[in-house]
Amino acid sequence: MIARDVRTALEEDLGSGDITAALLPAGQCGRAELITREPAVLSGSAWFDAVFLALDPNYRAVWQARDGERLIAGQRLCVLEGGLRELLSGERTAMNFLQTLSGTATRARRYADAVAGLPTRILDTRKTLPGLRLAQKYAVLCGGCHNHRMGLFDAILIKENHIMAAGSIAAAVASARKTAVGVRVEVEVESLDELEQALTAGAERVLLDNFGVHLLREAVKLTAGRARLEASGGISLGALRAIAETGVDDISVGDLTKSVEAVDLSLRLG
């Protein structure tokens, strides 16, 4: 996964070659220091290193922070050495990975902290940057949250259009049981009546779409442990704890991966 991500990113940036770095003497060695200019959670060090290793097999780095670690402004993260041309050619690609994944982890940590002490899990979604799904889902774990399904292949989530096409919630669940034996089945519902239908049909998980806090409490009471309940739909960080306190098992948040702000990092030669 990492090698594929790095190969694609380097091809995109280098193309036929770095014509600026070619101005420098071949074979000259360089040293650089990586620091963070703001508090953050680190994620993506393997992608960072893989970029430089793809360009220079003699590259080496000494990391002073680990993925998942909380960082403070001004903290030194690593010292790296390698060919000067290669360090300059790989700098932007390596930083793109590290800043984006650390941004994802930092955002995830804010959400995880908001429900600290409660059993509710915060889940990511499929709203990820194209081509970086596994990388971002790894970063979500670094930030203390949890992964939902990886894609359309590893779990069934029956949504409104699937139900309409099948004719009913019961028919959709029955079809899922026949076509994907042993695969987890989740049903998205928009009312307590639909929740009861999903429970009667035997859904293992139910996604409560855009339920308010009062309705979530009613849903938890109605379900009484018969299925795992997931709250979803326009959930903000400010509302998170109140939603978790209703007793739902999970809260899925697209904002974890789709609204990422890159962490401000600095790589300086010296």
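**Close-up views of a predicted model**

**View 1. Strand 1 and strand 5 of the predicted model.** Glycine 30 has glycine 82, in strand 5, standing opposite. Seven bridges join strand 1 (residues 29-36) to strand 5 (residues 76-83), and the pairing is antiparallel. In general, the strands of a sheet pair through backbone hydrogen bonds, in either a parallel or an antiparallel sense.

**View 2. The open sheet of four strands.** The strand order is 3-5-1-12, and the pairing is antiparallel. Strand 3 (60-63) and strand 12 (265-269) are the edge strands; each has a single partner strand, so one side of each lacks a neighbour in the sheet. On average, neighbouring strands of this sheet are turned by 15 degrees against each other, with direction ignored.

**View 3. Helix 2 and helix 3 on the sheet.** Helix 2 (residues 45-55) packs on the sheet and touches strand 1, strand 3, strand 5 and strand 12. The direction of helix 2 makes about 160 degrees with that of strand 3. Helix 3 (residues 84-114) also packs on the sheet, with contacts to strand 1, strand 3, strand 5 and strand 12. For helix 3, the direction makes about 170 degrees with that of strand 12.

**View 4. Isoleucine 169 in helix 6.** Helix 6 covers residues 169-179 and includes isoleucine 169. Isoleucine 169 counts as buried because its relative accessibility is 3%, and buried means under 20%. Leaving out residues up to four places away in sequence, isoleucine 169 touches Ile163, Val187, Val189, Glu194, Gln197 and Ala198. Leucine 152 lies 17 residues from isoleucine 169 along the chain, and their C-alpha atoms are separated by 19 Å.

Conventions: Residues are numbered from 1 along each chain as its sequence is written. This is a predicted model: local features need pLDDT of at least 70, side-chain atom pairs count only at pLDDT 80 or more; totals for chains, interfaces and linings use all residues. Side-chain values use heavy atoms; hydrogens and water are left out. Helices (H or I, at least four residues) and strands (E, at least two) are DSSP runs, numbered from the N terminus. Buried means under 20% relative accessible area, exposed over 50%, partly exposed in between (1.4 Å probe, protein chains only). Contact means heavy atoms within 4.5 Å. Two strands pair if DSSP finds at least two bridges between them. Axes are lines fitted to C-alpha atoms, for helices over the stretch in contact, and angles run from 0 to 180 degrees between N-to-C directions.
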